[in-house]
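Q: I would like to learn how to read a structure feature by feature. Where do we begin?

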Amino acid sequence: MTPTPNQAGQERMFGGIVGGYGILWVIGGLLTLYFGLINRSAIGLGGLAALFALVIIGPLILLVATLLLISAIGLWQGRSWARPLVAGLAILHLIGGLFFTFNQIWLVGLCGLALSAATFWYLLSTRSRRPA
């Protein structure tokens, strides 16, 4: 069975939301790399933090952003592999959201938890399931 026009519209809208979130992650990753490059000549812990941002954090953020954008394109085109990819990314965001909620960046953690919960609600709701 083919999905109804309403289901296809919901899937495309959800893909747009995931894509917008991916774009925010791209911006965050590029800012992390930028500030890492600016502070790389710092002495002591500042230089170590800049190196950590350049080598680990920035590329990791850009990897997640790439996966979000790929899954958004898959959702937009109605690909079957996109929904499990989004579910896996939501699990990672849930774990990260729990970490940041009990850390100093609690607002970022709460946003991550809210987005993960909304993703699971959408993916598990009966209206968004594709007919077999």
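The dialogue below goes from the fold to the core, the surface, an aromatic pair and some single residues.

Q: What kind of model is this, and which secondary structure elements does the protein have?

A: This is a predicted model. The protein has 4 helices and 0 strands. Read from the N terminus, the order of elements is α-α-α-α. Helix α1 covers residues 5–38, while α2 spans 45–77, α3 spans 82–101 and α4 spans 106–124.

Q: Among contacts between residues at least 6 apart in sequence, how many join residues at least 24 apart?

A: In this protein, the share is 63%.

Q: How should I read the interior, and which residues form the largest nonpolar core?

A: The general idea is that in soluble globular proteins nonpolar side chains tend to be buried together. In this case, buried residues account for 30% of the 132 residues. The largest nonpolar core contains 11 residues: Phe-14, Val-18, Val-64, Leu-68, Ala-72, Leu-75, Ala-82, Val-86, Leu-89, Tyr-122 and Leu-123. At least two residues of this core come from each of α1, α2, α3 and α4.

Q: Which helix supplies the largest share of this core?

A: Helix α2 does, with 4 residues.

Q: Now the outside. What is the accessible surface of the protein, and which residues make a nonpolar patch on the surface?

A: The accessible surface is about 8,500 Å², and carbon and sulfur atoms hold 76% of that area. A nonpolar patch of about 700 Å² is made by Ile-23, Leu-24, Ile-27, Leu-31, Tyr-34, Phe-35 and Ile-38.

Q: Take Tyr-34 from that patch. Where is Tyr-34 found, and what is its relative accessible area?

A: Tyr-34 is in helix α1. Its relative accessible area is 48%, so Tyr-34 is classed as partly exposed. The class runs between the limits for buried, under 20%, and exposed, over 50%.

Q: How do I read an aromatic pair, and how many does the structure hold?

A: Two values describe a pair of aromatic rings: the distance of the centres and the angle of the planes. This structure holds 3 aromatic pairs. One of them joins Tyr-21 and Trp-25, with ring centres 6.2 Å apart and planes at 75°; the pair is therefore edge-to-face. An angle over 60 degrees is what places a pair in that class.

Q: Where do Tyr-21 and Trp-25 lie, and are they buried or partly exposed?

A: Both residues lie in helix α1, 4 residues apart, which is about one turn of the helix. Tyr-21 has 21% relative accessibility and counts as partly exposed. Trp-25, at 23%, is also partly exposed.

Q: What can C-alpha distances add for Ile-17?

A: They set separation along the chain beside separation in space. Ile-17 and Ala-72 are 55 residues apart along the chain, and their C-alpha atoms are separated by 7.9 Å. Ile-17 is found in helix α1 and is partly exposed at 48% relative accessibility. Ala-72 belongs to the largest nonpolar core.

Q: Which residues in helix α4 can be read in this way?

A: Cys-111 and Ala-118 are both in that helix. Cys-111 lies 18 residues from His-93 in sequence and 9.6 Å from it in space, C-alpha to C-alpha. For Ala-118 and Ala-90, 28 residues apart along the chain, the C-alpha separation is 9.3 Å.

Q: Are Cys-111 and Ala-118 buried or partly exposed?

A: Cys-111 is partly exposed, with 42% relative accessibility. Ala-118 is partly exposed at 40%.

Key: Residues numbered from 1 in each chain as written. Predicted model: local features only at pLDDT ≥ 70, side-chain atom pairs only at ≥ 80, totals over all residues. Heavy atoms only, no water. Patch = residues over 30% accessible without salt bridge, like charges linked within 9 Å, V, L, I, M, F, W, Y side chains within 5 Å. Areas by Shrake-Rupley, 256 points an atom, 1.4 Å probe, with all protein chains shown as cover. Salt bridge = Lys/Arg side-chain N within 4 Å of Asp/Glu carboxyl O. Buried < 20%, exposed > 50% of the residue type's maximum accessible area, 1.4 Å probe, protein only. Contact = heavy atoms within 4.5 Å. Core = buried A, V, L, I, M, F, W, Y, C linked by side-chain atoms within 4.5 Å. Phe/Tyr/Trp six-rings, centres within 6.5 Å; stacked < 30°, edge-to-face > 60°.
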